[in-house]
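Reader: I have a model open and want to go through it piece by piece. Can we start with a single residue and work outwards?

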Amino acid sequence: MNGSDLSGLTFLIVEENSFKLSIIRQHLRAFEVGEIIECLDATEAYRTLCAKKVDFVITDSGMSPVDGLALVRQIRTGEKTPTPEMPVIILVENPDLPKLTAARDVGATEVLTKPISAKLLGQRIQHAVRNTRNFVRADRFTGPDRRRRKPGARKEEERRQQDASPLN
């Protein structure tokens with residue numbers, strides 16, 4: 001895979017289905033990432049995050065009893081989280097608008113729908129590594145800025161000033 005060197009990064013995979021976890025592991029090995037840590041549930045994953053240096057998280061959204069959305073919320077807002085700004089990809093099965101919106105709103109860096117392909121996973125990882133976004137801490141949201149700016153795009157304030165028309 002062409003792109004940023006991932007060999008120095010530690011990835012945490014959180015997936016309760018061992019077969020799906022092995023597929024993600026195989027994809028990450030093909031991308032030549034550094035270390036891969038695997039957890040079968042969100043509680044174990046959060047303990048691992050607090051105990052070890054992790055650079056990137058890939059988590060399933062639909063685990064039980066604690067789902068991946070709660071894990072991401074804990075990563076973003078937990079007092080013990082060493083790096084709340086780390087990139088997090090949430091995997092969503094049977095996606096619909098409410099599920100995708102919920103994943104975005106808990107602070108996911110990227111959202112992928114299952115089944116995942118190696119190509120899309122690689123693209124999302126590379127995008128997250130290359131295009132860091134400002135981290136937002138607000139009353140109702142903590143995570144990477146949800147707005148995605150394209151190179152050369154006008155800034156929001158400039159657009160608003162140009163679009164403003166006086167009332168008569």
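Reader: Where is Thr 48 found?

Author: Thr 48 is found in helix H2. Keep in mind that this is a predicted model.

Reader: Is Thr 48 buried or exposed?

Author: Thr 48 is buried, because its relative accessibility is 14% and the cut-off for buried is under 20%.

Reader: What does Thr 48 touch, not counting residues up to four places away in sequence?

Author: With those neighbours left out, Thr 48 touches Leu 12, Ile 37 and Cys 39.

Reader: And what does Leu 12 touch, with the same kind of neighbours left out?

Author: Not counting residues up to four places away in sequence, the contacts of Leu 12 include Thr 48, Ala 45, Leu 49, Ile 37, Cys 39, Phe 56, Val 57 and Ile 58.

Reader: Which residues touch the most other members in the largest nonpolar core?

Author: Leu 12, Leu 49, Val 57 and Ile 90 do, in a core of 22 residues. At least two residues of this core come from each of strand E1 (11–14), strand E2 (36–39), helix H2 (42–51), helix H3 (68–77) and strand E4 (88–92). There is also a second, separate core of 17 residues, which includes Leu 112, Ile 116, Leu 121 and Ile 125.

Reader: Ile 116, then. Where is it found?

Author: Ile 116 is in the loop between strand E5 (110–113) and helix H5 (118–130). Ile 116 is buried, at 18% relative accessible area. Leaving out residues up to four places away in sequence, Ile 116 touches Ile 24, His 27, Leu 91 and Leu 121.

Reader: How many residues apart in sequence are Ile 116 and Val 92, and how far apart in space?

Author: They are 24 residues apart in sequence, and 9.4 Å apart in space from C-alpha to C-alpha.

Reader: Changing topic. How many aromatic pairs does a search of the whole structure find?

Author: The search finds 1 aromatic pair. Phe 11 and Phe 56 form it, and the pair is stacked, with 4.8 Å centre to centre and 20° between the planes.

Reader: Which parts does the pair tie together?

Author: Phe 11 lies in strand E1 and Phe 56 in strand E3 (residues 56–60), so the pair ties together parts that are 45 residues apart in sequence. Phe 11 is buried with a relative accessible area of 0%, and Phe 56 is buried with 1%.

Reader: Now the sheet. In what order do the strands run?

Author: The order is E2-E1-E3-E4-E5, an open sheet of 5 strands with parallel pairing. E2 and E5 are at the edges and have a single partner strand each, so one side of each has no neighbour in the sheet. On average, neighbouring strands are turned by 20° against each other, direction ignored.

Reader: Take the E2 edge. Which side chains point to which face?

Author: Ile 37 and Cys 39 point to one face of E2 and are buried, while Ile 36 and Glu 38 point to the other and are not. E1 pairs with E2 in the parallel sense over 4 bridges, and Cys 39 is the bridge partner of Val 14. From E1 the chain crosses to E2 through helix H1 (residues 18–30), in a right-handed β-α-β crossover.

Reader: And E4, why is it largely enclosed?

Author: E4 is largely enclosed by the rest of the structure because 5 of its 5 residues are buried. Val 88, Ile 90 and Val 92 point one way, and Ile 89 and Leu 91 point the other way.

Reader: What stands opposite what around E4?

Author: On the E3 side, Ile 58 is opposite Ile 89 and Asp 60 is opposite Leu 91. E3 and E4 run parallel and are joined by 4 bridges. The crossover from E3 through H3 to E4 is right-handed. Towards E5, Leu 91 stands opposite Leu 112, and 4 bridges join E4 to E5. E4, helix H4 (residues 97–105) and E5 also make a right-handed β-α-β unit.

Reader: Which strands does H5 lie across?

Author: H5 lies across E1, E3, E4 and E5, and runs at about 175° to E5.

Reader: Last thing, the totals. How many helices and strands are there?

Author: The protein has 6 helices and 7 strands. Of its 168 residues, 39% count as buried. Among contacts between residues at least 6 apart in sequence, 63% join residues at least 24 apart.

Notes: Residues numbered from 1 in each chain as written. Predicted model: local features only at pLDDT ≥ 70, side-chain atom pairs only at ≥ 80, totals over all residues. Heavy atoms only, no water. Buried < 20%, exposed > 50% of the residue type's maximum accessible area, 1.4 Å probe, protein only. Contact = heavy atoms within 4.5 Å. Core = buried A, V, L, I, M, F, W, Y, C linked by side-chain atoms within 4.5 Å. Phe/Tyr/Trp six-rings, centres within 6.5 Å; stacked < 30°, edge-to-face > 60°. Pairing = 2+ DSSP bridges. Axes fitted to C-alpha atoms, helices over the stretch in contact; angles between N-to-C directions. Right-handed = clockwise from strand over helix to strand, strands pointing away.
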